Amino acid sequence: MRTPLIAGNWKMNNTVAEALELVECVKTRVLGVKRTEIAVAPPFTALYAVGSILKNSNIRLSSQNVFWEDKGAFTGEISPLMLTEIGCAYAIVGHSERRQYFGETDESVNKRIKAAIACGLMPIVCIGETLAERESGKAMEVINTRLMGALRGIDQDGIKNIVIAYEPVWAIGTGRNATPQQAEEVHRHIRVLIGDLYGPAVSEQTRILYGGSMNQENAPDLLSQPDIDGGLIGGASLKVGSFTAIIMAAENASL
Ligand code: PEP
């Protein structure tokens with residue numbers, strides 16, 4: 001049985017004051033949540049303050065990225081060690097916005113994943129196809145390439161600490177989510193691929209999140225699919241009502 005994970009990716013939103021107000025409200029609203037793991041990924045400036053408020057709560061802290069070296073002359077980067085020191089449990093890695101605007105590649109994603117795992121930080125690894133790739137029938141091929149590239153050199157122990165997020169690029173921030181059937185088809189494909197690489201037991205334990213315009217209306221159907229183990233939520237994680245409604249949908253789907 002896989003524990004669902006609902007993770008909020010705040011992207012470049014919220015000042016420290018706004019972040020604290022949002023997380024305080026979410027924290028109060030999810031006190032009774034027992035079957036679903038919750039995480040929030042504030043911008044780097046708010047990580048420490050949000051982490052302080054989340055101590056001893058049922059919400060875990062995530063970063064939106066992580067570098068692969070522990071320290072040194074890497075201006076502008078943040079190391080896994082720095083993130084675990086302030087209480088981060090997760091790091092989002094390979095988000096399509098990082099790939100699109102900041103030149104991230106399967107190779108750099110793979111390095112980030114390895115460094116994160118080595119430090120006890122669990123990567124949430126984002127993979128997904130563009131609209132052009134889907135329309136030309138290449139979605140599964142792209143998923144294979146992204147996944148194999150991300151997992152290169154990662155062994156049985158490593159994969160147990162990784163969460164995969166299927167995020168079709170055409171669904172991110174567009175208001176156009178994948179249908180539950182479209183998403184389930186890709187999630188199943190990812191699970192089979194992980195099974196081929198690591199065996200069925202590992203594949204059954206691996207959590208695969210869906211991300212792309214998930215909201216309180218579409219969450220119940222998406223989250224009730226057999227291979228969808230939670231969500232990576234962008235826009236809808238910035239509002240207390242919609243984020244907590246999605247968390248409740250995950251709670252109900254796991255009954
Ligand atoms: C995301 O940024 O990972 C995401 C899924 O965004 P949105 O929910 O806004 O589509």
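Reader: What makes strand β4 and strand β5 a pair, and in which sense do they run?

Author: In this predicted model, strand β4 (residues 88–93) and strand β5 (residues 122–127) are joined by four bridges in the parallel sense. Pairing requires at least two bridges, so the four between β4 and β5 qualify. Within this pair, Tyr90 has Met122 of β5 as its bridge partner.

Reader: Where do β4 and β5 belong in the sheet?

Author: They are part of a closed barrel of eight strands, ordered β1-β2-β3-β4-β5-β6-β7-β8, with parallel pairing. Neighbouring strands of this sheet are turned by 25° against each other on average, direction ignored.

Reader: Which helix lies across β4 and β5?

Author: Helix α5 (residues 106–118) does, running at about 160° to β5.

Reader: Why are α5 and α7 called oblique to each other?

Author: Helix α7 (residues 139–150) packs against α5 at an angle of about 40°, and the axes are 8 Å apart. Roughly parallel needs an angle under 35 degrees and roughly perpendicular 65 to 115; about 40° fits neither, so the two helices are oblique.

Reader: Which residues meet in this contact?

Author: Asp106, Val109, Asn110 and Ile113 of α5 meet Thr145, Arg146, Gly149 and Ala150 of α7. They divide into three nonpolar, three polar and two charged. Gly149 is in the contact, and Gly counts as polar.

Reader: How do α1 and α12 pack, and in what kind of crossing?

Author: Helix α1 (residues 16–29) and helix α12 (residues 240–253) pack at about 35°, with axes 10 Å apart. α1 passes α12 in a right-handed crossing. The residues in contact include Leu22 and Arg29 of α1 and Phe243 and Met248 of α12.

Technical notes: Residues numbered from 1 in each chain as written. Predicted model: local features only at pLDDT ≥ 70, side-chain atom pairs only at ≥ 80, totals over all residues. Heavy atoms only, no water. Axes fitted to C-alpha atoms, helices over the stretch in contact; angles between N-to-C directions. Contact = heavy atoms within 4.5 Å. Parallel < 35°, antiparallel > 145°, perpendicular 65-115°, else oblique. Left-handed = near helix turned anticlockwise from the far one by under 90°.
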